[in-house]
Amino acid sequence: MNNPDWSKLPFGYFPTDYNVRCLYRDGKWGEIEVSTSETINIHMAATALHYGQEIFEGLKAFMGADGKIRIFRLEENARRIRESAKGIMMEPIPEELFKEMCVKVVELNRRFVPPYGSGASLYIRPLEIGMSPRIGVKPGDEYLFIVMVTPVGPYFKEGFANTKICIMREYDRVAPRGTGRWKVGGNYAASLSAGERAHSLGYSAVLYLDPKEKKYLDECGPANFFAIKDGKYITPASESILPSITNMSLQDLARDLGIDVECRHITVDELADCTEAAACGTAAVASPIGEIDDLDTGVKYIISKDGKPGAITTALYNKLNAIRLGEEPDTHGWNTILD
Ligand code: PLP
Ligand code: COI
């Protein structure tokens, strides 16, 4: 496979040379296998296929200004996938194994790490699936952990530019005490109808409300949500959202810039007083939101008055990128630098 045109890469699947795999069987993790195959052999009654035992992660590797490859917040993703595993009774992946496999797959696919300055990155997608045949609803005892990579560009086709998102109450992606706090494949299946409807109406994503009361903001499609209100960084505190590592990082960067951070319930009508808003995540980075339309009430919240991304969102976005690209000191110790 030849290299892609880095500057035109979408956020999509582009084949690379290798993936790495490890099987949990007979109560232990086996040897790491390097594979060139894009397919897997799976029992037709596997728990992944019938009862949704599937969890995944998303993180990125960047080619730095100094020609070194950096993986952003590897330990945090290792920690989160263990939480997801416990959440749906799968085998937690030891931190060291997770890290070793992520580093190895990036090293093996070095030629797919987009060059410095291209704006693209190598997306690392670890996934764990239940392999045991079960017809009764029970957890399996065999699990396959795979780490694949694919070079990606911006998640929203607009790149770093304002998009419009919408609120609709017809669908929930997760239940109040359900699986939203874990990165479980089924959550994304549950979001497809709402997401496709939003796209067909010209919105980049759905801003979900809390599934219990539909009163508070929850998260924004495949990303967390933050806004700037009275000069403060505000972001929803909720049991039904994924704890975003990007959001945590942006909160730290906001504090570094002297901006107060509030992690709390945010009501829908507070949007009227927000001066900036963004979707944040590994794929979305910090994607500015210009307008939020409530499709049920007809209210349009115009967040950006001049059509441009807000100053604080832009500053945070630039700071995060500068750290990941090795342009600025990594004072929080977030990067794993490859040899
Ligand atoms: N929320 C959901 C539902 C996601 O899928 C993601 C993506 O991983 C995020 C939030 C952002 O999390 P992170 O910043 O760790 O990528
Ligand atoms: C990520 O940001 O890594 C995600 O997992 C979002 C996505 C499902 C594309």
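## Notes on the pockets, the cavity and the two ligands

1. Let us start with the second largest pocket, which holds about 440 Å³ of space. Its lining is made by 21 residues, and those closest to its centre are Tyr155, Gly195, His199, Ser204 and Pro222. Do keep in mind as you look around that this is a predicted model.

2. Which elements build the wall of this second largest pocket? Strand S9 (163–167), helix H5 (192–200) and strand S10 (205–209) each bring at least two residues to the lining. Helix H5 has the largest share, with four residues. Sorted by class, the lining of the second largest pocket has nine nonpolar, seven polar and five charged residues.

3. Now move to the largest pocket, where about 530 Å³ of space is found. There are 33 residues lining the largest pocket, and the closest to its centre are Phe56, Tyr123, Arg125, Lys183 and Ala283. If you want to find the centre on screen, those five names are a handy place to begin.

4. Several elements meet around the largest pocket. Strand S4 (54–56), strand S7 (121–130), strand S8 (143–152) and helix H4 (185–189) each supply at least two residues of its lining, as do H6 and S15. By class, this lining divides into 15 nonpolar, twelve polar and six charged residues.

5. Where does ligand 1 sit? You will find ligand 1 in the largest pocket. Among the elements, helix H6 (245–256) and strand S15 (274–281) are the ones that give two or more residues to the shell around ligand 1. Both H6 and S15 also supply at least two residues each to the lining of the largest pocket.

6. Take a closer look at the neighbours of ligand 1. There are 16 residues around this ligand, and the nearest are Tyr188, Glu219, Ser244, Thr246 and Thr282. The shell as a whole is made of six nonpolar, six polar and four charged residues.

7. Which polar atoms approach the oxygen atoms of ligand 1? A polar side-chain atom of Thr282 is 2.5 Å from an oxygen atom of the ligand. Ser244 also uses its side chain, with a polar atom 2.6 Å from an oxygen atom of ligand 1. Ile245 takes part through its backbone, where a polar atom lies 2.8 Å from an oxygen atom of ligand 1. On its own, ligand 1 has 380 Å² of accessible area, and the protein covers 96% of it.

8. Ligand 2 also sits in the largest pocket. Around ligand 2 you can pick out Phe11, Phe56, Gly58, Tyr123, Arg125, Tyr155, Lys183, Tyr188, Pro222, Thr282 and Ala283. By class, these comprise seven nonpolar, two polar and two charged residues. Two names deserve a second glance: Tyr188 and Thr282 are listed around ligand 2, and they are also among the residues nearest to ligand 1.

9. How do polar atoms of the protein meet ligand 2? The side chain of Lys183 places a polar atom 2.6 Å from an oxygen atom of ligand 2. A backbone N or O atom of Ala283 is 2.8 Å from an oxygen atom of the ligand, and a backbone N or O atom of Thr282 is 3.5 Å from an oxygen atom of ligand 2. Ligand 2 exposes 280 Å² when taken alone, of which the protein buries 89%. Thr282 is therefore worth a pause, as its backbone atom counts as a polar contact under the 3.5 Å cut-off.

10. Finally, how many cavities of 30 Å³ or more does a search of the whole structure find? There is one, and the largest cavity has a volume of about 80 Å³. Its lining is formed by Gly58, Leu59, Lys60, Phe62, Phe72, Arg73, Asn77, Ile245, Thr246, Thr282, Leu320 and Arg324. Thr282 thus turns up here too, having already appeared beside ligand 1 and ligand 2.

11. As for the elements around the largest cavity, strand S5 (59–63), H6 and helix H7 (311–324) each supply at least two lining residues. Strand S5 gives the most, with three residues. By class, the lining of the largest cavity has five nonpolar, four polar and three charged residues.

Technical notes
Residues numbered from 1 in each chain as written. Chains lettered and ligands numbered in written order. Predicted model: local features only at pLDDT ≥ 70, side-chain atom pairs only at ≥ 80, totals over all residues. Heavy atoms only, no water. Near = heavy atom within 4 Å. Polar contact = N/O pair within 3.5 Å; in protein donor to acceptor, adjacent residues only side chain to side chain. Areas by Shrake-Rupley, 256 points an atom, 1.4 Å probe, with all protein chains shown as cover. 1 Å grid on protein atoms, 1.4 Å probe; cavity = no way out; pocket = protein on both sides within 12 Å on 5 of 7 lines; lining within 4 Å. Sits in = over half its atoms within 2 Å of the grid points. Nonpolar A, V, L, I, M, F, W, Y, C, P; charged D, E, K, R; others polar. Points joined across faces, edges and corners; volume = space filled by probe spheres on them.
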